[in-house]
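Here's a walk through the strands, helices and cores of one model. Have the sequence and the 3D view open as you read.

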Amino acid sequence: MTTTLTIDPGMTVLPPNSPLSALNAVQPPNSNRMQIDSTLTYAVDAPSEFVFLIHAAHGMGQALVQENLLIEPPTPFRTYADNQSGNRFLRLQAQPGTLKLVYRAVVDRTLEFRDVNAPEVPVHDIPDEVLHYVMPTRYCESDHLGPNAAELFGHLPQGYSRVQAICDWVRAHIEYRIGSTNATTTAREVFMQRAGVCRDFAHLAVTFCRALNIPARLVSAYATFAEPPPDFHAVFEAYLGGRWVMFDATAMSPLDQIVRLANGRDAKDVAFATIFGPARMLAMSPDVLLLNHNPALA
């Protein structure tokens, strides 16, 4: 993975409860303005390295208006962006005690036109940088679930409608059950046990797509919910008609109210926190508030 290491010029470190000052910035047409207020708290037993993916992404249907970060106790950190994915990483070393991060941002989220007639791209025409999103990965064993995908969806017309049919099937046959899976659960296990959470729904949909030679990738996100779970959200994108198109296999959040964090082959690429050392999470609250809704996107 090729990365460029930089200190993020848009990031400021502010005292607790400092207001976000850019709420009067001009909002683009056909966009929803979202405010993120995300808090993560950890107990650190010995010096530990943390790698976070909690920064809202730049581009890809959203514009970052403002962001700030609070780290308690004050701790040196650095950020870098991956050149290929655009994912924005935060790295720091925490000392023993309690570590608290508060990330706040204002993001304008634009939903692009959804072409329900978008075709699947033949393997021969899949771009080089997209081709690896057809391959099986640790959590998305498309090679094992290939016969199941062919039986369930192989007879359907190709294109956008087939990916939507995959989402509909996953939502109808997989029970959303908190605590039914863990960090090592794979798509094949979810298919067998018929229960999971948003990450598992997305993994299974990605796996079915890849088994049908449709490039697909996982997307981690902040999102609004009618009944908010205390967690980040996972959706996925399929490569259709020469572009990435977002889907939510859970249908828990409107697509125009999802703020992208990161994208990758599966959960190992987009985990919001990776810890090297004896530390454990005490609490988290990735809250999202819809500041200004554009009815045209409803």
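## Strand pairs and packing

In strand 13, Leu218 has Gly264 as its bridge partner. That pairing belongs to strand 10 (residues 216-223), which runs antiparallel to strand 13 and is joined to it by 6 bridges. Helices (H or I, at least four residues) and strands (E, at least two) are DSSP runs, numbered from the N terminus, and two strands pair if DSSP finds at least two bridges between them.

A word on ground rules: this is a predicted model, with local features needing pLDDT of at least 70 and side-chain atom pairs counting only at pLDDT 80 or more, while totals for chains, interfaces and linings use all residues. Residues are numbered from 1 along each chain as its sequence is written, and side-chain values use heavy atoms, with hydrogens and water left out.

Back to the sheet. It is an open one of 4 strands, ordered 12-11-10-13 with antiparallel pairing. Strand 12 and strand 13 (258-264) are the edges, each pairing on one side only. On average, neighbouring strands here are turned by 35° against each other, direction ignored. Helix 5 packs on this sheet, touching strand 10 and strand 11, and its direction makes about 15° with that of strand 11. Axes are lines fitted to C-alpha atoms, for helices over the stretch in contact, and angles run from 0 to 180 degrees between N-to-C directions; contact means heavy atoms within 4.5 Å.

Strand 3 (residues 48-52) has 4 of its 5 residues buried, where buried means under 20% relative accessible area (1.4 Å probe, protein chains only). Here's how strand 3 pairs up:

| Partner of strand 3 | Bridges | Direction | Example pair |
|---|---|---|---|
| Strand 6 (residues 88-94) | 5 bridges | antiparallel | Val51 and Arg91 |
| Strand 14 (residues 273-276) | 4 bridges | antiparallel | Phe50 and Ile275 |

Now for helix 3 (residues 160-173). Its 14 residues should span 20 Å at 1.5 Å a residue (1.5 Å times one less than the number of residues), and the end C-alpha atoms are indeed 20 Å apart, so the two agree. Buried residues in helix 3 include Tyr160, Val163, Cys167 and Val170. The buried residues of this helix pack against helix 2 (146-153), helix 4 (187-193), helix 5 (198-211), strand 11 (233-240) and strand 12 (243-247).

What about the cores? A nonpolar core is a set of buried Ala, Val, Leu, Ile, Met, Phe, Trp, Tyr and Cys residues joined through side-chain atoms within 4.5 Å. The largest has 42 residues, and Val170, Leu204, Phe208, Phe236, Leu240 and Phe247 have the most contacts inside it. Helix 5 gives the largest share of this core, 8 residues. Apart from it lies another core of 26 residues, including Leu69, Leu90, Leu261 and Val288.

Last stop: Asn32, which sits in strand 2 (residues 31-44). Asn32 counts as buried because its relative accessibility is 0%. Its side chain joins that of Asp256 through a polar contact of 2.7 Å (a pair of N or O atoms within 3.5 Å, one able to donate a hydrogen and the other to accept it).

Methods:
Buried means under 20% relative accessible area, exposed over 50%, partly exposed in between (1.4 Å probe, protein chains only).
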